[in-house]
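Here's a quick tour for anyone opening this one for the first time. Have a look at the picture, then read on.

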Amino acid sequence: MRRKIAAGNWKMNGTSTALGELVALSKALPLNAPEVVICPPAPLLFRATEAAPEGVRIGAQDCHMQASGAFTGDISAEMIADTGAGFVIIGHSERRAAHEESNADVRAKARSAWAAGLTPILCIGEALDDREANNTLDIIGGQLAGSLPDGVTKTNTIIAYEPIWAIGTGKIPTLEQIIEVHDFIRTRLIARFGKDIGDAIPLLYGGSVKPDNAAMIFEAENVAGALVGGASLKADDFAPIIAALAAS
Ligand code: PGA
């Protein structure tokens, strides 16, 4: 059976008072809970790993591609690992857009995450223009080929498909569209890495996942979980999404 993963991306939200949500979340987890990862803002990482109760793991939202050096304001994968975090989101569309991160940058970040022992949650996704021009699969194929380094194993990488137009908008693709893209990603992964590895890599859906649409999204065979933004901030919202994943 494939891993199931519910990852929460707090983005630039939350101060130390938000750490109480980790405990609340762990109390609300179902018995057969999937892997749960919370990615708080970087200043909270140390405290989050200390506060994280059983069943909740911690990740960062970005890392630099270099291990150290004159990069003011940046954070290396090694520093993230030093906090006790085990995961790092890379290539999120908000960083690709606001920080002009290219596929090559994301590829280098994946390598630096691996070198530090972190599991990257690597994001890909098309813009609305691409979707409307029927270019979705071309864009996704290009991002996969360009962002994912060689060296992927069955366990060292998680991929999140997040259509940019669905992030923070309350709009989500139809189940058919979700199935189409995740099946396409699976086919590409198998073609590149072989059946054993390609079949095992967890694929998450992200973009306006909420308690009331989660069960529908998890019907897609190749969806192994979700990367959740807004609805991961409060345990009361995230717990039902995790329960829907556990029941899928
Ligand atoms: P959202 O964000 O759930 O608030 O749409 C998802 C994401 O950006 O990872």
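What follows covers the ligand and its surroundings, a charged pair, and two residues with unusual backbone angles. Keep in mind that this is a predicted model.

## Around the ligand

Let's start with the ligand. It has 13 residues around it, and the ones that come nearest are Lys11, His92, Glu162, Gly168 and Ser208. Sorted by class, that shell is made up of seven polar, four nonpolar and two charged residues.

Where does the ligand sit? The space it takes is the second largest pocket.

## Backbone contacts and burial

Three glycines offer polar backbone atoms to ligand oxygens. For Gly168, the distance from such an atom to an oxygen atom of the ligand is 2.7 Å. Gly229 has a polar backbone atom 2.8 Å from a ligand oxygen, and for Gly230 the corresponding distance is 2.9 Å. How much of the ligand does the protein bury? On its own the ligand would expose 280 Å², and the protein buries 97% of that.

## A charged pair

Side chains of opposite charge can pair when their charged atoms come close. Searching the whole structure turns up 11 salt bridges. One of them joins the side chains of Arg95 and Asp62, with 3.2 Å from N to O. This pair ties together distant parts of the chain, as its two residues are 33 residues apart. Arg95 belongs to helix H4 (residues 93–98), while Asp62 lies in the loop between strand S3 (56–60) and helix H3 (77–82).

## Two unusual phi angles

Most residues other than glycine have a negative phi. Lys11 goes the other way, with a positive phi of about 55°. Lys11 is in the loop between strand S1 (5–9) and helix H1 (20–27), and you've met this residue already, among those that come nearest to the ligand.

Glu100 isn't a glycine either, yet its phi is positive too, near 50°. You'll find Glu100 in the loop between H4 and helix H5 (103–115).

How values were computed
Residues are numbered from 1 along each chain as its sequence is written. This is a predicted model: local features need pLDDT of at least 70, side-chain atom pairs count only at pLDDT 80 or more; totals for chains, interfaces and linings use all residues. Side-chain values use heavy atoms; hydrogens and water are left out. A residue is near a molecule or strand if one of its heavy atoms lies within 4 Å of it. A polar contact is a pair of N or O atoms within 3.5 Å; within protein, one must be able to donate a hydrogen and the other to accept it, and residues adjacent in sequence count only if both atoms are side-chain atoms. Accessible areas come from the Shrake-Rupley method with a 1.4 Å probe; for residues, only the protein chains shown count as cover. On a 1 Å grid over the protein atoms alone, a cavity is a set of points where a 1.4 Å probe fits but cannot get out, and a pocket is an open set with protein on both sides within 12 Å along at least five of seven lines; lining residues have an atom within 4 Å of a point. A molecule sits in a cavity or pocket if more than half of its atoms lie within 2 Å of its grid points. Ala, Val, Leu, Ile, Met, Phe, Trp, Tyr, Cys and Pro count as nonpolar, Asp, Glu, Lys and Arg as charged, and the others, Gly among them, as polar. A salt bridge is a side-chain nitrogen of Lys or Arg within 4 Å of a carboxyl oxygen of Asp or Glu. Helices (H or I, at least four residues) and strands (E, at least two) are DSSP runs, numbered from the N terminus.
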